[in-house]
Amino acid sequence: MGETTVKPLDGQQGATSRGTESAPRESVTDPVEGTGTPGRWAPREVVGRLRTPRRPRLWFEILLIAVSYWTYSLIRNAVPEQKTQALRNADWIWRIEHDLGIAFEQSVNHALDSVTWLIVGMNYYYATLHFVVTLGVLVWLYRSHPGRYAAARLVLFATTAVALVGYYLYPLAPPRLMTGGNFIDTVKVHETWGSMASGDLKNMSNQYAAMPSMHIGWSLWCGLTIFALASVPWVRVLGLLYPVATLVVIVATANHFWLDAVGGMLCLAFGFTVARTWYGALPYTLPRLPSREATGAPAPEPSKA
């Protein structure tokens, strides 16, 4: 049989080869946002995440934090002050710690109260750094790590939200309010301003919302964030020392038991789980800057060469 020769149509071969060599990139619909906007490409690392971090907007963040903290305070203080149950729970916690051999709160409270300048400093530490450091870390994230800010903020918000459930379900008196506990209320004794639940400010806050400790939840969030993202070694070390110092302060001032701190850690673990589920990654592993799609910036034109 003779050979059969099939000739391509005019221009077909050239078009095929040109298409193979320099085919323009296809527009990819972002599976996260689902916009389908032509001319934008979803980076591979975004695929599979439930949400893509966006560049935060300053006015929105200020409003969100202010409203969220106001709501948190309103709900926390609206929880009925179940004094009898709170004192009963405090007695139970104290017995459990004795059984576990970790009932050192009273010794720490009395030892540090004997050093006036130290315990007074701890009273002011308890009253101020809880807010100052947390807000400082949020501002730092907003300015230096905008791609990680929203996810890290979600951790903090979820941690605080689940703590409200704890306040409602498990009212707990702090050690300084225990009946016959022989703890020293360091704010009252030294007449310093160190707790919203002591002295003249006691009527402004629920005194029986000690479990979990958000001083620990927030300070540990700050410490882990600084340790994970700071570039200066000594700053990273300070990040780790901050929640440790906070733990000593909340015990020395008789505002919390050790186990309240454990409750704060569990709440923080829940917060990280929520962020990991929502973004598909831990906050500190996300890109430092938001992706081009998240910021809404147009993609560069494909090369015509």
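Glu97 turns out to be buried, its relative accessible area being 0%. Here buried stands for under 20% relative accessible area and exposed for over 50%, with partly exposed in between, using a 1.4 Å probe and protein chains only. The model is a predicted one, so local features need pLDDT of at least 70 and side-chain atom pairs count only at pLDDT 80 or more, while totals for chains, interfaces and linings use all residues. Residues are numbered from 1 along each chain as its sequence is written, and side-chain values use heavy atoms, with hydrogens and water left out.

As for the overall picture, the protein has 11 helices and 0 strands. Helices (H or I, at least four residues) and strands (E, at least two) are DSSP runs, numbered from the N terminus. Read along the sequence, that gives the pattern α-α-α-α-α-α-α-α-α-α-α. Of the 305 residues in the protein, 43% are buried. Contacts (heavy atoms within 4.5 Å) reach across the chain: among those between residues at least 6 apart in sequence, 79% join residues at least 24 apart.

Back to Glu97, which sits in helix 3, residues 83-100. With its neighbours within four places in sequence set aside, Glu97 touches Ile102, Ala103, Glu105, Phe257, Trp258 and Leu259. Take Trp258: Glu97 and Trp258 are 161 residues apart in sequence, but 8.3 Å apart in space, C-alpha to C-alpha. The side chain of Glu97 also gets to the backbone nitrogen of Trp258, at 3.3 Å. That is a polar contact, meaning a pair of N or O atoms within 3.5 Å; within protein, one must be able to donate a hydrogen and the other to accept it, and residues adjacent in sequence count only if both atoms are side-chain atoms.

Helix 3 itself has 18 residues, which at 1.5 Å a residue should span 26 Å, and its end C-alpha atoms are indeed 26 Å apart. The expected span is 1.5 Å times one less than the number of residues in the helix. Its buried residues are Ala86, Leu87, Asn89, Ala90, Ile93, Trp94 and Glu97. Seen down the axis, the buried residues of helix 3 fall within an arc of 160°, so they line one face of the helix; the arc is that of the directions from the helix axis to the C-beta atoms. Thr84 and Asp99, on the other side of helix 3, are exposed. The cover over the buried residues of helix 3 includes helix 4 (105-113) and helix 10 (258-279). After helix 3 comes Gly101, with a positive phi near 75°.

Aromatic rings come next, with 6 aromatic pairs in the structure. Rings of Phe, Tyr and Trp (its six-membered ring) pair if their centres lie within 6.5 Å; planes under 30 degrees apart count as stacked, over 60 as edge-to-face and the rest as tilted. For Trp94 and Phe257, the ring centres are 6.1 Å apart and the planes are at 40°, so this pair is tilted. The pair links distant parts of the chain, as Trp94 is in helix 3 and Phe257 in the loop between helix 9 (233-252) and helix 10, 163 residues apart. Both rings are tucked away: Trp94 counts as buried at 14% relative accessibility, and Phe257 is buried at 0%. Another tilted pair is Tyr125 with Tyr242, with centres 6.4 Å apart and planes at 40°. Tyr125 lies in helix 5 (residues 116-144) and Tyr242 in helix 9, so the pair ties together parts that are 117 residues apart in sequence. Tyr125 is buried at 18%, and Tyr242 is buried at 12%. Trp94 and Phe257 also join Phe183 in one aromatic cluster.

Helix 8 (residues 214-229) is mostly covered, with 12 of its 16 residues buried. Among them are Trp218, Trp221 and Cys222. The 16 residues of helix 8 should span 22 Å at 1.5 Å a residue, which agrees with the 22 Å between its end C-alpha atoms. Where helix 8 starts, a side-chain oxygen of Ser213 comes to within 3.4 Å of the backbone nitrogen of His215.

Finally, the cysteines. A search of the whole structure turns up 0 disulfides, a disulfide being a pair of cysteine sulfur atoms within 2.5 Å. Cys222 is buried, with a relative accessible area of 0%, and Cys267 counts as buried at 8%.
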